[in-house]
Amino acid sequence: MGGKVRERETPAGDLRLVDLTKRFGIFTAVDDLSLTIPQGSFFALLGASGCGKTTTLRMIAGLEEPTSGQVLLGDRDIARLRPYKRPVNTVFQSYALFPHLDIAENVAFGLRRRGIRSVDDEVRRMLSLVQLDGYERRRPAQLSGGQQQRVALARALINHPQVLLLDEPLGALDLKLRRQMQIELKRIQTEVGITFVHVTHDQEEAMTMADTVAVMNAGRIEQLGAPADLYEYPATAFVANFLGQSNLLAGEAAGPGGDAVPVSAHGARFAVPRERARLDRGPVYLGVRPEKLHLVDSLDRVPAGHQSVAGVVSDASYVGVSTQYLVRTGWGSELSAFAANTGSEVRFPVGASVVAHWNPRNAFLLPREPGADADRTSPLLDEPPVGALS
């Protein structure tokens, strides 16, 4: 069986999930999910613990059997195939390397199992791809966490899967190493051209690496699109406050008025461009991202055409790249504003009276459930506990 290492490199086609559902007793983890992941793309499933993203990945891998629905790779339904018969490999958060084998044998493991003996050249090529040239004879215990994750990646890629699944692969790394590996994973995916499906709860991780992000909530896709599109124009309040932070003012939209939608909120009148409105009549949230909210010390400093809210600084946190303010409004809600530390900005102490203003082109309107009358400003999301269901 000499050196046929590339036998699985055949055109894969898109990965399509069709009406995919998974129930555990009366609990529905994945709810009638339909999704197309283009061949050769870097795709991220993003969501909080319990949203169904890991269950979705496990059904693609064959580690969970769907209650109903299809997993199509090209025109082939692989939903009932055993995991080892699928042209799919998975990289987990736990590296699962064999401690008694050196790095070369860890990487070669999948080829050895398939009876391929001449593996040295392919192992060296994979280690070069993940920038671990010369590490062949080391043991896993001699490597850092980031290096071990690269070995796990090389071990998966050497099998030339048509789809590579990444299940929170960077969760065990420290912050600096995680940032480095985000760049490396994107480089590797671009180089090999394999479809990557990345499951994560880390919004920055998804936005840094993925071409397309699907935000999951309660077993369904809330919104799907390019990272910039989801961030700049979220479809729901959940997406607005999961992908980054948002200030959401509860208001009422009066219907389209020319190029803008008039909105009344807390006794004040605002307007949002029609192309930035998901809804133009009825209960809405008027949203503004914290970095698009600017603070000045008086109303006469607000630029022409901007909209504004007066308040008092209730908290100011210096975080290096920016100062993050909370501004308590006259009706009691707090707005979040991020001021970039450019060296020329004015800093406001706690207790200072300020006016928060924004350009209407940077605002957006979202549907609001009639009973949801409160404003919403998201805190930074904490990471879920290790082992939490996702």
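Let's start with A363. A363 is buried, with a relative accessible area of 1%. The cut-off for buried is under 20%, so A363 counts comfortably as buried. Keep in mind that this is a predicted model.

Where does A363 sit? It lies in strand β20, residues 363–367. What does A363 touch, once residues up to four places away in sequence are set aside? The list is V272, R276, L286, G287, V288 and W358. There is also a distance to note. A363 and R289 are 74 residues apart in sequence, yet C-alpha to C-alpha they are 7.7 Å apart in space.

Three of those names come back now, with the cavities. Rolling a probe the size of a water molecule over the atoms shows where empty space is left. How many cavities of 30 Å³ or more does a search of the whole structure find? Two. The largest cavity holds about 50 Å³ of space. Its lining is N247, L249, L286, V288, L293, L335 and W358. Two elements give two or more residues each to that lining: β11, 247–254, and β14, 281–288. So L286, V288 and W358 line the largest cavity, and A363 touches L286, V288 and W358. By class, the lining has six nonpolar residues, one polar and no charged.

Now the largest pocket. How much space lies in it? About 810 Å³. The lining has 25 residues. V88, N89, T90, R113 and N159 are the ones nearest the centre. Which elements supply at least two lining residues each? They are β6 (88–92), α2 (103–113) and α4 (145–157). The largest share comes from β6, with five residues. By class, count 13 nonpolar, six polar and six charged residues in this lining.

Stay with α4 for a moment. Q149 has its place in that helix. Is Q149 buried or exposed? At 2% relative accessibility, Q149 counts as buried. Leave aside neighbours within four places in sequence, and the contacts of Q149 are V91, F92, Q93, Y95, P169, L170 and M181. V91 and F92 fall within the range of β6, 88–92.

Next, a strand that is enclosed. Look at β8, residues 195–200. Six of its six residues are buried, so β8 is largely enclosed by the rest of the structure. In a regular strand the side chains alternate between the two faces of the sheet. In β8 both faces are covered. On one side are T195, V197 and V199, and on the other F196, H198 and T200.

Which way does β3 run against β8? Strand β3, residues 42–46, runs parallel to β8, joined by five bridges. F42 stands opposite F196. Strand β7, residues 163–167, also pairs with β8 in the parallel sense, over five bridges. There, L164 has F196 as its bridge partner. So F196 is a good residue to click on: F42 is opposite F196, and L164 is bridged to F196.

On to a helix. α1 covers residues 53–61 and is mostly covered, with eight of its nine residues buried. The buried ones are K53, T54, T55, T56, L57, M59, I60 and A61. What follows α1? G62, with a positive phi near 95°.

Now an open sheet. Strands of a sheet pair through backbone hydrogen bonds, either parallel or antiparallel. This sheet has five strands, in the order β15-β19-β16-β17-β18, with antiparallel pairing. Which strands are at the edges? β15 (294–296) and β18 (334–340), each pairing on one side only. From one strand to the next, the twist averages 45°.

Inside that sheet, take β16 and β17. Strand β16 is residues 307–318, strand β17 is residues 322–329, and seven antiparallel bridges pair them. G311 stands opposite T329 in β17.

Last, the whole protein. It has eight helices and 21 strands. Along the principal axes, the C-alpha atoms fill a box of roughly 80 × 45 × 35 Å. How many residues are there, and what share is buried? There are 390 residues, and 50% count as buried. Finally, contacts. Take those between residues at least 6 apart in sequence: 70% of them join residues at least 24 apart.

Key: Residues numbered from 1 in each chain as written. Heavy atoms only, no water. 1 Å grid on protein atoms, 1.4 Å probe; cavity = no way out; pocket = protein on both sides within 12 Å on 5 of 7 lines; lining within 4 Å. Points joined across faces, edges and corners; volume = space filled by probe spheres on them. Helix = DSSP H or I, 4+ residues; strand = E, 2+ residues; numbered from the N terminus. Nonpolar A, V, L, I, M, F, W, Y, C, P; charged D, E, K, R; others polar. Pairing = 2+ DSSP bridges. Axes fitted to C-alpha atoms, helices over the stretch in contact; angles between N-to-C directions. Buried < 20%, exposed > 50% of the residue type's maximum accessible area, 1.4 Å probe, protein only. Contact = heavy atoms within 4.5 Å.
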